[in-house]
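Colleague: I'm new to this model, and the inside of it is hard to picture. Please give me a close look at how the neighbouring helices pack, and then carry on to the empty space.

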Amino acid sequence: MSLRDDSRGCTLRHDCRSARRSFLGTDSDRRTLSFGPFHLLPARELLVRGDQPVRIGSRALGILVAMAERAGEVVSKRELFDIVWPNTAVEESSLRVHVAALRRALGEGEGDNRYIATIPGRGYRFVAPVATSGHPALRQTDAAARPRTDGIVVTGIRIFGRDDFVASLDALLHERRLVTVVGPGGMGKTSVALAVTDCVAPRYSDGAFIVELARLADPRLAPTALATTLGKPARSKDATPELLEFLQDKHMLVVLDNCEHLIDAAAELAERITQNTSQVSVLATSREPLRALGETVARLPSLGFPTRLEGLTTAEALSFPAMQLFLDRAKATRSDFELDDSTVPFAADICRRLDGIPLAIELAAGRVDAFGIRELASLLDERFRVLNRGRRTALPRQQTLSATFDWSYELLSESEQTVLRRLSVFVGAVSMEPALAVAAGSGHSTSDTAAVIAGLVSKSLVAADTGGPVTQYRMLESTRSYAREKLIEAGESSAAARRHASFYAALLDRAHSEFLSKPLAEWMAEYSSSIDNVHVAIDWALSPDGDSDVGVALTANAVPLWTRLTLLEECRTRVERALSVLSPDVARGGKREMQLFAAFAAASTLTKGPGPESELAWLATLQIAERIGDIDYQLRALWGIWIGHHTGESQAKALEAARQFREVATLSSDVADPIVGDRIIGTVLWAQGELQAARSTMERVLRSYVAPSDRSHLIRFQFDQRVTAYSALSLTLWLQGFPEQAMKIVETSAQLAQILAHDPSIFHAIALSGCRVALLAGDRPSADRLLALLQGAVARQVSYGVWIRAYRGEIMIRDGDPEAGSRLLEVALTELPKAAFHAHYAPLRAALAQGFAAAGRVDDATIAIEHALALAERTGDVWYFPELLRIKGEFLVARRAPDAAEETFLLSLDWARRQGALAWELRTGISLARLWAEQDRIDVAHAFLSELRARFTEGFETVDLVEAAQLLTRLEDSRRGDTDEIETDKSARGKLL
């Protein structure tokens, strides 16, 4: 069909064409704009140099006319967009591409030639002098013989998101004479080819012609079809010689559309045309390259679509061409259809699951009238039954999604069909190794299968990503769904799934054996990308039609991968499922069962917090480990039991488990295991307020620490043991009255955790000790810096964010914004795990009570502090107990109950002295001295506070010691007979900073 043939009674309403007509005038407009050696004929949409037409794209021509008609003026980018791309959102890069093409066509930069000046931030100016006149005389012999070059192809369909690709093809056709647009079925290759042809046709003096090969069944008829399209019916059986003779002196574009089913014939025809003529270019469309001499391949990508659904707005979504196409086609089906922020995620999900394939999106949008947007999204798994209604006028293979894939599938050889089906068991991208393991099967060598996979890549049915160190292969999701149905129809599904599961079972067995010895970054780079296929393999293996033994092995060996990827819920649910299908032989208490119980317990603890479920699983692990003599898993189980009680609600039970751990650790071949036992004992002693015993234990741990030869301790015991020892030691030192030493330990611990680049250890060093010590010492700069370090880990471990919010709420209360700070802290406390780290919640609960009091919520403050005291007594987390009592005493003072307040302060002092917590003694001593001073017991207050302060040997610049010194000065002034009462800042009561 010639581009000048309007027998089909319609024109392509392509933006570049309709835009030009709005300002080029009609055929009666005979103006010619002349500059340098060029003559520009707006009405003819033609640029000539001398009497020879210049090859130039239609959009570039539109830009040239707009600037030449306003020579010397700045034409803004916005004006050019409105002229060339009306009502279409395009990137500014598209304009730059076409301006660059225009400059090349004009030969700018050759000699003194200069036509277009860029005006930064504004637009462009045509700087050459322009003269306006009638048409120059063209060569009459040529003009009479040539067909018109402004005929337009019929499509009647707008295209979206292809401007840059069309511009790149425009540029390619300047440089190359054989270009093939390659892509999967339904990608819109024909539409793009028509759009390109429409834009470039004016620069071919003998026109542009499209040969629709889709309807041809006999490859021998391809030359005849072209000859017929050119109006030169063949007079012999082989039309090629006559065709080449006719094309000898032609300046023409030939478009060979849909070549894939006649690929050899199309390749031969294209090659012979370009090799035997000098000015005929060929643009082909195909699902695979022609592999012809001189061919340049341009692969057509999918339309861009949103990858993020949560929080997606309509405006954001409609910046993606796939969404623009969906809305356009949906409105064509149902004129009142609109997208809003509530429905746009469903449309975005549809476009994502259809891989941005234009035909699939068109078919989906066409069913909005029948199903609605939400129902359509939910039905998409049945896409080949749902997307079964296209345009009646489309080719049969384009009327349903299934027909589109049938067309490609039926063109494949038997071996290609087999490999394509088998590859459908994979999800995502995989390397050649797993692809061969599954696709080769019986009767196919790996080398033959690799060649077939390469052929499927060439045919656009498998995509190859060569950007990384190892080439990755993947199917578009719609292709995979189609091939999966063919796999089931062929009765090969179970066999392929078994090979798939067997491959990943072997892969994870290797990964498990390398986990402790291989550098973590290297291990993750090699194995982390397999996780989605691991899930598929496990789900099949644990299904009724699967292989439970393979599933159990897969599940057990997947635990390190789940842990490192923090896929803890996936770990817990699949391990629970594996435990339910254990075969009787395995379920008698073997190693696999022990490993699964341990994995379930760990995942349950991390997802739900310590509780009966995880404790029972740890006890089952311990029982099996003791029976089979596995010291490693005995220690893992005892660790799990210990941490469940320590972070839960029983320090007494935690101490019992810690001592049992220490006893078993003496039997371990790992000399570091007894040190771990000492460390967890010391941690419990700290939480119980046994400060001197905790300190000596932690110092012994750090003196005798032996660095493990691998990462086993990070895996078995969750944190780096030095970091956790430093954490308890820093808190203990502050409580004992050594704030400077405590802050030095904090810095050491934080630096070590960062060097390890281990997020849980970073969390322990900062959230559970570093920030707390800094705030206790009144070192706000250090607290802010440590919180900033913890914020860096939030991107990887989202759960850490709640600790940052909790600390920020506490700091806001200290800084005088109790209402906002209390709201933030109260919400954070509800988000913290209900049964974890109780020992570290007490300061937060105390800060919340103080915030309530400062905000005037006296009853809430009293309830909060009483709750914190009761919880500490019940769990045995009494390290903070003296401070909770002091805060309660301050509340009693504020409520004008001095006797009850004094009794509470004295009880706080008693607790602090029994613990050896000099820091708590000082704080309570300040509160008690204030109370006595208000009762005119100046001498008693002064003597008592002086004796307390004299026991400190460091930290005199810290907030509590500074406050004590100021109060002593005021007491001394009163003792000297000053008549003024001692100033007491009631609002400062209970402040920690």
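Modeller: Angles under 35 degrees count as roughly parallel, over 145 as roughly antiparallel, 65 to 115 as roughly perpendicular, and the rest as oblique. This is a predicted model, where local features need pLDDT of at least 70, side-chain atom pairs count only at pLDDT 80 or more, and totals for chains, interfaces and linings use all residues. Numbering starts from 1 along each chain as its sequence is written, and side-chain values use heavy atoms, with hydrogens and water left out.

Let's start with α19 (residues 414–423) and α20 (residues 432–439), whose axes lie 9 Å apart at an angle of about 115 degrees (axes are lines fitted to C-alpha atoms over the stretch in contact, with angles from 0 to 180 degrees between N-to-C directions; helices are DSSP runs of H or I, at least four residues, numbered from the N terminus). The two are therefore roughly perpendicular to each other, α19 against α20. On the α19 side you'll find V419, R422 and L423, and they meet A435, V438 and A439 in α20 (contact means heavy atoms within 4.5 Å). That contact of α19 with α20 has five nonpolar residues, no polar ones and one charged (Ala, Val, Leu, Ile, Met, Phe, Trp, Tyr, Cys and Pro are nonpolar, Asp, Glu, Lys and Arg charged, and the others, Gly among them, polar).

Now hop along to α26 (residues 548–564) and α27 (residues 568–580), which pack at about 165 degrees with axes 10 Å apart. That angle makes α26 roughly antiparallel to α27. From α26 come V552, T555, V559, W562 and T563, while α27 brings L568, E570, C571, R574, V575 and A578. Sorted by class, the contact of α26 with α27 has seven nonpolar, two polar and two charged residues.

Back towards the start of the chain sit α9 (residues 240–247) and α10 (residues 263–276), packed at about 35 degrees with their axes 10 Å apart. T240, L243, L244 and L247 are what α9 puts in, facing L269, R272, I273 and N276 of α10. The classes in the contact of α9 with α10 are five nonpolar, two polar and one charged.

As for empty space, there are eight cavities of 30 Å³ or more (a cavity is a set of points on a 1 Å grid over the protein atoms alone where a 1.4 Å probe fits but cannot get out, and lining residues have an atom within 4 Å of a point). The largest is about 160 Å³ (the space filled by probe spheres set on the points, which are joined across faces, edges and corners). Its lining has 20 residues, with H646, T683, H764, L768 and H840 nearest the centre. At least two lining residues each come from α30 (631–646), α32 (673–687), α35 (721–736), α37 (759–777) and α41 (838–854). The lining of this largest cavity splits into 10 nonpolar, nine polar and one charged.

The second largest cavity is about 90 Å³. Around the second largest cavity are W734, G737, P739, L776, A777, A919, L922, F952, T958, V959, D960 and L961. Two or more of its lining residues come from each of α37, α45 (918–934) and α47 (959–975), and α47 gives the most, with three. Nine of the residues lining the second largest cavity are nonpolar, two polar and one charged.

Notes
On a 1 Å grid over the protein atoms alone, a cavity is a set of points where a 1.4 Å probe fits but cannot get out, and a pocket is an open set with protein on both sides within 12 Å along at least five of seven lines; lining residues have an atom within 4 Å of a point.
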